[in-house]
Amino acid sequence: MWAKALSAKDFQNHPPPAILHAQNQSSISCQPSSPPPLVLPEHKPQLLYFHVDINSCYASCERILDPSLNGKPVVVLSNNDGCMVALSAEAKAMGYRLGEPWFKVKEGAEARGVIARSSNYELYGDISNRVMEVLREYAQGFEQYSIDEAFLTVRLSTRQAAHIARCIKDDIARRIGVPVCVGVAATKTLAKLSNKTAKNVPHLGGVCVWNLLPSGRRAHLFHHLPVDQLWGVASRTRKKLASMGIISIGDLATADLSTIRKRFSIVLMRTVLELRGTSCIPLEPVRKFKDQLIYSRSFSYPITDREDMAQVMSVYAQRASKRLVRDGQQAKLLTAFCATSFYGENMVFPTSAVRLQARTADPAVLTKAALTLLDRADFDGPRYARAGIMLTDLAPGDSSIAFEMFQYSHERRNVASLISQVEEKCGEGSLGLGRAGFTRKPVWEMKRELLSRRGTTHWDELVRASVR
DNA sequence: AGGCCTCAG
DNA sequence: AGTTCTGAGGCCT
């Protein structure tokens, strides 16, 4: 679709004269026409959004530790080695798709030289943190949007912005070792679109400043790209829009605002405004506390046995507890659930919600609550494929505070922190309460057969390099 | 307020 | 036979 939307020659022309540039800008943004500026528009400082994202993030991280993967098709698998969640450019070029189940393509892919890795979130998280640290150096406003994406705001002319964007890209490559693309525009939506353009048009060298694209190219993109290429527009909205004759991004940009508001939502209306150059999706402030916490996993083998499920619940509850403690939060409501395969005939999905006596992060209390699922689930027939624990009604809380009105006795004795101290000395999972205190890895634990090492965060998993 | 839908990465 | 996980936000009731 990008190939269709743009050919390389579209970008080989010189930018049009400034006056044409300015005219086109106003036709896109639908702003009232203002008197001609004294400076060329591209030299005038304005608030600009930068969108930076790591190219094929997980695959690029794997390459840091194992440079022999450079130039080869690399795919990274989801938890349980289920789907492909990241593909290197080479793997994409071979026609593999994000989200495809690995078992379907495994055989053929391996025969064609594709290299697969289980997802190593500890590695990706660490690399991500390092990248974000560098990005902050360049930003006035900053928002980490996901593990591999960030928005920056800077007050610059577009000419200066183009220079800074290149510096960012080079700096990240030099200091961290992963490739990034940068999109720059007056709104987040357009910055994201610019980033995508930077990724899909090699000629741009990984950097795209929306307002420095030749105006004809912008119009060309708007006209040829379908709406679901936009941030915030997916298949449902695409279909509904199509029924109204709105197919391309350009169609949406010129659609009637009040109709969009009425038939869709305020969200899509914002998208339309942002396409016209009016920024209305601000940088999100850093969210200190989450509203809910879910710990959910698929099993490597289906569970049919009550005692096995009891073990799963114990382990999951204690992992969820650990996250709560880490985030300095406590929960009031725990919902435990399990489910048979989503793809089977008659899916069953038993749940059990427990309102706790008081907010807590205590592993013993949460484990006991999670085990109530056993009374709700049928263990005569169903083959459970996954289970999880949802903690809601969260609030900040410190389990070491001693003068709460109500406290569980474990909390006074600080079981959670004791466990984490032991684990720090003896390793993750070395100590668990009740059924979570197994000595051998349980058989249902998710599959991660192709895991790389945690080479940047664990001393005993460091990578060796020989320098000649 | 809580369930459902949509979306994102 | 086997197909991710987590979180947010709007809309509706």
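## Overall fold

Among contacts in chain A with a separation of 6 or more, 68% join residues 24 or more positions apart. The model is predicted. Chain A has 468 residues, and 47% of them count as buried. Its secondary structure comprises 18 helices and twelve strands.

One annotated span comes from the UniProt record. That unreviewed entry lists residues 49-234 as "domain: UmuC". In the model, this span is 45% helix and 22% strand. The C-alpha atoms at its two ends lie 23 Å apart.

## The surface near DNA strand C

DNA strand C is surrounded by 21 residues. The closest are S78, I294, S296, R297 and S298. By class, this surface has nine nonpolar, six polar and six charged residues. Which part of DNA strand C lies within 4 Å of the protein: sugar and phosphate, or bases? Sugar or phosphate accounts for 69% of those atoms, and bases for the rest.

Phosphate contacts come from both backbone and side chain. R297 places a polar side-chain atom 2.6 Å from a phosphate oxygen of DNA strand C. I294 uses its backbone: an N or O atom there lies 2.7 Å from a phosphate oxygen of the strand. I266 also contributes a polar backbone atom, 3.4 Å from a phosphate oxygen of DNA strand C. Two elements give two or more residues to this surface: helix 13 (266-275) and strand 9 (293-303). Strand 9 gives the most, with six residues.

## The surface near DNA strand B

DNA strand B has 13 residues around it. D148, K192, G232, R236 and T237 are the closest. The class split is five nonpolar, four polar and four charged residues. Of the atoms of DNA strand B within 4 Å of the protein, 100% belong to sugar or phosphate.

Which residues place polar atoms by the phosphates of DNA strand B? T237 has a side-chain N or O atom 2.3 Å from a phosphate oxygen of DNA strand B. For R236, a side-chain N or O atom sits 3.1 Å from a phosphate oxygen of the strand. A234 takes part through its backbone, with an N or O atom 3.3 Å from a phosphate oxygen of DNA strand B. Strand 5 (141-146) and helix 10 (235-243) are the elements that give two or more residues to this surface. Helix 10 gives the most, with three residues.

## Salt bridges across the chain

The structure holds 18 salt bridges. Side chains of opposite charge can pair when their charged atoms come close. One of the bridges joins E122 and R454, whose closest N and O atoms are 3.6 Å apart. E122 lies in helix 6 (residues 121-138) and R454 in the segment after helix 18 (415-426), so this bridge ties together parts that are 332 residues apart in sequence.

How accessible are the two partners, E122 and R454? E122 has 35% relative accessibility and counts as partly exposed, because the class runs from 20% to 50%. R454 is also partly exposed, at 27% relative accessibility.

## A network around helix 7

E137, D171, R174 and R175 are linked in a network of salt bridges. Within this network, the side chains of E137 and R175 meet at 2.9 Å, N to O. This pair links distant parts of the chain, with E137 in helix 6 and R175 in helix 7 (residues 158-175), 38 residues apart. R175 also forms a salt bridge with D171, where the closest N and O atoms are 3.0 Å apart. D171 and R175 both lie in helix 7. They are four residues apart, about one turn of the helix.

Is D171 buried or exposed? D171 has a relative accessible area of 9%, so it counts as buried, under the 20% limit. E137 is exposed, with a relative accessible area of 52%. R175, which bridges to E137 and to D171, is partly exposed at 39% relative accessibility.

Note on methods
Residues are numbered from 1 along each chain as its sequence is written. Chains are lettered from A and ligands numbered from 1 in the order in which they are written. This is a predicted model: local features need pLDDT of at least 70, side-chain atom pairs count only at pLDDT 80 or more; totals for chains, interfaces and linings use all residues. Side-chain values use heavy atoms; hydrogens and water are left out. A residue is near a molecule or strand if one of its heavy atoms lies within 4 Å of it. A polar contact is a pair of N or O atoms within 3.5 Å; within protein, one must be able to donate a hydrogen and the other to accept it, and residues adjacent in sequence count only if both atoms are side-chain atoms. Ala, Val, Leu, Ile, Met, Phe, Trp, Tyr, Cys and Pro count as nonpolar, Asp, Glu, Lys and Arg as charged, and the others, Gly among them, as polar. UniProt positions are given in the numbering used here, feature names are shortened, and annotations may be inferred rather than shown by experiment. A salt bridge is a side-chain nitrogen of Lys or Arg within 4 Å of a carboxyl oxygen of Asp or Glu. Buried means under 20% relative accessible area, exposed over 50%, partly exposed in between (1.4 Å probe, protein chains only). Contact means heavy atoms within 4.5 Å.
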